[in-house]
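Let's take a walk through a protein model together. Have the sequence and the 3D view open, and follow along at your own pace.

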Amino acid sequence: MSGSPAVIMRLVASAYTVAEKAGAIVRKVLQSGELGIVEKTGANDLQTLADRLAQQSICASLSRRFPKITIIGEEELPAEEVTEDLIEKGQAEEILQKCCPAEYSGLKEEELVVWVDPLDGTKEYTEASKCLHLRAEAQTPLKGSDTSQLLSTALWLLDNVTVLIGVAYGGRPIAGVINQPFYNYQLGAGAALGRTIWGMPGLGAFGFQLQEVPGDRRIVTTTRSHSNKLVTDCVDAMEPHEVIRVGGAGNKVIQLVEGKASAYVFASPGCKKWDTCAGEAILHAVGGKLTDMHGNAYRYDANVKHMNSAGVLATLRNHEYYISRVPQSVLQALKSD
């Protein structure tokens, strides 16, 4: 490779190591047991110390190296000095070595918008912490089956947690990085924890093995904790063979690209742009699609409203089939932006 890598490649290479740093912060806060939980809008909309520290780390690290980019994070945090130990200065060399797609090679910092969810799946994160706390701090010895049940529940919940960094240009997602801080957690002490996947349309997606649900099966993944009649009516209309209810938008996209689900269906407002930008970029990189329930693409410009108010429908294949199954009642209730 001759010359300096393109700005977008340098940004993604930084986002990769920054996401890994954020994942380490998320693990460290869980291990401490001091989550510092506050309710933002209610019991299903929580913020923890991990959310706050991870966002500070991501935003400060990226803005220091790329001062002209626009960064929009989920958490509204007071302006304060970020301690040096939260700054990640590294870049993923394997990304810098890749050839930038020609259409992105000339992009400038000021043209890029970065959408950050420092901890997607906060509800599951806090519930997992409670399970681990109960297991460790029980006043009387628990039966073996009780302790193993608490541990298995905690591990399942932690699978839902991700760190999301998406990059948009011209309103469209062009790169995504997803870190799973607790990947391999079930392997116990000594296992290398966490993994980071990333993708860019025109270049590909990396860090996982792309798989598809067999073509004769429809497996729908949907919300675990934000359901309502619209959501369930829409899921039922897809005529799924199986329904998976999990937390985290990033986690649901991973289910799509690893062949555990064929459609991510959420017929409700609630998801925000920082929930979907990274995952949508990775889906595009492998031929998938993410739209609202009307089949319209969301825009990720710096000045758009943050809410994905017309729901989310994402697929790896056969998007038009799932769009065609959305009930009129859902379309009428969820107005497209």
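Helices (H or I, at least four residues) and strands (E, at least two) are DSSP runs, numbered from the N terminus. This is a predicted model, in which local features need pLDDT of at least 70, side-chain atom pairs count only at pLDDT 80 or more, and totals for chains, interfaces and linings use all residues. Residues are numbered from 1 along each chain as its sequence is written, and side-chain values use heavy atoms, with hydrogens and water left out.

Try out those names on N184, which sits in the loop between β6 (172-180) and β7 (195-200). To say how open a residue is, we use relative accessible area: buried means under 20%, exposed over 50%, and partly exposed in between (1.4 Å probe, protein chains only). N184 has 21% relative accessibility, so it counts as partly exposed. Its backbone deserves a look too. Most residues other than glycine have a negative phi. N184, however, has a positive phi near 80° without being a glycine. Another case is N318, also not a glycine, with a positive phi of about 60°. You will find N318 in the loop between β13 (312-315) and α9, and with 55% relative accessibility it counts as exposed.

Now let's go inside. A nonpolar core is a set of buried Ala, Val, Leu, Ile, Met, Phe, Trp, Tyr and Cys residues joined through side-chain atoms within 4.5 Å. How many residues does the largest nonpolar core have? It has 55, and those with the most contacts inside it are I8, V26, L112, Y125 and I165. Helix α1 (residues 7-32) gives the most to this core, namely 15 residues. Apart from this core lies another one, of 51 residues, including V113, W115, I178 and A249.

Take Y125 as a guide to the largest core. Contact means heavy atoms within 4.5 Å. Setting aside residues up to four places away in sequence, Y125 touches V26, V29, L30, L35, T48, A50, L119, L158, V161 and F182.

Next, see how helices pack. Two packed helices are described by the angle between their axes and the distance between the axes. The axes are lines fitted to C-alpha atoms, for helices over the stretch in contact, and the angles run from 0 to 180 degrees between N-to-C directions. For α1 and helix α2 (residues 49-65), the angle is about 160° and the axes are 9 Å apart. Angles under 35 degrees count as roughly parallel, over 145 as roughly antiparallel, 65 to 115 as roughly perpendicular and the rest as oblique. The helices α1 and α2 are therefore roughly antiparallel to each other.

Which residues meet between α1 and α2? From α1 come L11, S14, A15, V18, K21, A22, I25, V26 and V29, and from α2 come L49, A50, L53, A54, S57, I58, S61, L62 and R65. By class, this contact has 13 nonpolar, three polar and two charged residues. Here Ala, Val, Leu, Ile, Met, Phe, Trp, Tyr, Cys and Pro count as nonpolar, Asp, Glu, Lys and Arg as charged, and the others, Gly among them, as polar.

Pause at A54 in helix α2. Is A54 buried or exposed? With a relative accessible area of 0%, A54 is buried. Leaving out residues up to four places away in sequence, A54 touches A22, I25, V26 and P118. A54 and A19 are 35 residues apart along the chain, while their C-alpha atoms are separated by 8.6 Å.

A second helix pair is α7 (residues 249-257) with α8 (residues 273-285), which pack at an angle of about 15° with their axes 9 Å apart. That makes α7 roughly parallel to α8. A249, G250, V253, L256 and V257 of α7 make the contact with D275, G279 and L283 of α8. By class, there are five nonpolar, two polar and one charged residues in this contact.

Finally, visit some more loops. N160 lies between α5 (144-158) and β5 (162-169), and at a relative accessible area of 1% this loop residue is buried. Beyond its neighbours within four places in sequence, N160 is in contact with D120, G121, E124, V246, G247, G248 and N251. The loop between α9 (319-324) and α10 (328-333) holds R325, which is partly exposed at 29% relative accessible area. P327 lies in the loop between α9 and α10, and P327 is buried, at 18%.
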